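Reader: I would like a close look at one part of this model, the ligand and its surroundings. Please go on from there to the charged and polar side chains.

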Amino acid sequence: MHRENYSGNKRMIIDPKNQTFAENHKLMIGSIVPRPIAFISSISNNGQNNLAPFSYFNGVCSNPPTVMFAPGRRAYDGLTKDTLNNIRETKEFTINIVSEEIGEQMVACATDYPPNIDEFEISGLTPVPSEKVKAPRVAESKVSFECKLNQIVEIGDGGAGAGFVVIGTIVMFHVDDDVFQDGKIDIDTLKPLGRLAGNSYTKISEIFDIVRKVHPD
Ligand SMILES: Cc1cc2nc3c(=O)[nH]c(=O)nc-3n(C[C@H](O)[C@H](O)[C@H](O)COP(=O)(O)O)c2cc1C
């Protein structure tokens, strides 16, 4: 680490190679905020349901409608998570959006339970059948996507802290009538939770517009 003092702003300059992955992780999860949360349901080849939240999650493009999320290797033993193992097996999953109302249940699904544990049962959330994929959706989510695997990109050396990017194509949208207004998602009804660092979350509390000029004059 060294320092810079540029125009009166004092800053640390940190080369990630000179610190642990846990220290790099803290810088990332504290800075990349707020993060959307993908509540991912998957199912193994032998029919075992799994449900877990992932906040390294975003859209990729809309034609075809594509999303990504990043299940890391477990920080304490480097093993891959059940969600990734199931998606490798079945090439399918669902993404369920987390509203304020189901925050507690979502966190209950974020413990690294063994693969034979069904987090729908742990959390009391309700699995409902999907139309095009075998993994069930979360009935309590106001928006869900059924997804087919596009590809899995492995990142890192296979050790703890390394990870994967899972890219999926949305093959079906499920949107509650309540949140669908004028062809758009109504954010005041969706009430999505955002993830911050550690055990902290944020609600949408203030919305304002900054108008963008789409084309140059
Ligand atoms: C809100 C939230 C977001 C999370 N985001 C991620 C993430 O982006 N990547 C990851 O590897 N783990 C993430 N986790 C931890 C996983 O949810 C946790 O390891 C879970 O037990 C994995 O379950 P599985 O082994 O059944 O797939 C997150 C946890 C919470 C509570």
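Which polar backbone atom is 2.7 Å from an oxygen atom of the ligand, that is, to which residue does this atom belong?

Author: It belongs to Gly72. Keep in mind that this is a predicted model.

Start with the ligand. An oxygen atom of the ligand and a polar backbone atom of Gly72 are 2.7 Å apart. Tyr56 also takes part through its backbone: one of its N or O atoms there is 2.9 Å from a ligand oxygen. For Ala110, a polar backbone atom lies 3.4 Å from an oxygen of the ligand. The protein covers 90% of the ligand's accessible area, which is 650 Å² for the ligand on its own.

Now the shell. It has 19 residues around the ligand. Those that come nearest are Pro53, Gly72, Lys81, Thr83 and Asp112. Gly72 thus appears in this group and also in the backbone contact at 2.7 Å. Two elements, strand E4 (49-54) and helix H2 (82-90), each supply at least two shell residues. Strand E4 gives the most, with four residues. As for the site itself, the ligand sits in the largest pocket.

Next, the charged pairs. Side chains of opposite charge can pair when their charged atoms come close. The structure holds six salt bridges. Three of them follow, each with its exposure.

Take Asp77 and Arg74. Their side chains meet in a salt bridge, with N to O at 2.5 Å. Asp77 has 35% relative accessibility, so it counts as partly exposed. Arg74 counts as buried because its relative accessibility is 16%, and the cut-off for buried is under 20%.

Then take Glu100 and Lys203. The closest N and O atoms of this salt bridge are 4.0 Å apart. The pair links distant parts of the chain, with the two positions 103 residues apart in numbering. Glu100 is in the loop between strand E7 (92-97) and helix H3 (103-108). Lys203 is in the segment after strand E15 (201-202). Glu100 is partly exposed, at 27% relative accessibility. Lys203 reaches 52%, so it counts as exposed; the cut-off is over 50%.

The third pair is Asp217 and Lys213. Here the closest N and O atoms of the salt bridge are 3.4 Å apart. Both Asp217 and Lys213 are exposed.

Two buried polar residues remain. Glu92 lies in strand E7. Its relative accessible area is 10%, so Glu92 is buried. A polar atom of the Glu92 side chain is 2.8 Å from the backbone nitrogen of Lys134. The side chain of Glu92 also has a polar contact of 3.2 Å with the side chain of Lys148.

His174 is the other. This residue lies in strand E11 (residues 163-175). His174 counts as buried because its relative accessibility is 16%. Its side chain makes two polar contacts to mention here. With the side chain of Glu146 the distance is 2.6 Å. With the side chain of Arg137 the distance is 3.2 Å.

Technical notes
Residues are numbered from 1 along each chain as its sequence is written. This is a predicted model: local features need pLDDT of at least 70, side-chain atom pairs count only at pLDDT 80 or more; totals for chains, interfaces and linings use all residues. Side-chain values use heavy atoms; hydrogens and water are left out. Buried means under 20% relative accessible area, exposed over 50%, partly exposed in between (1.4 Å probe, protein chains only). A residue is near a molecule or strand if one of its heavy atoms lies within 4 Å of it. A polar contact is a pair of N or O atoms within 3.5 Å; within protein, one must be able to donate a hydrogen and the other to accept it, and residues adjacent in sequence count only if both atoms are side-chain atoms. Accessible areas come from the Shrake-Rupley method with a 1.4 Å probe; for residues, only the protein chains shown count as cover. On a 1 Å grid over the protein atoms alone, a cavity is a set of points where a 1.4 Å probe fits but cannot get out, and a pocket is an open set with protein on both sides within 12 Å along at least five of seven lines; lining residues have an atom within 4 Å of a point. A molecule sits in a cavity or pocket if more than half of its atoms lie within 2 Å of its grid points.
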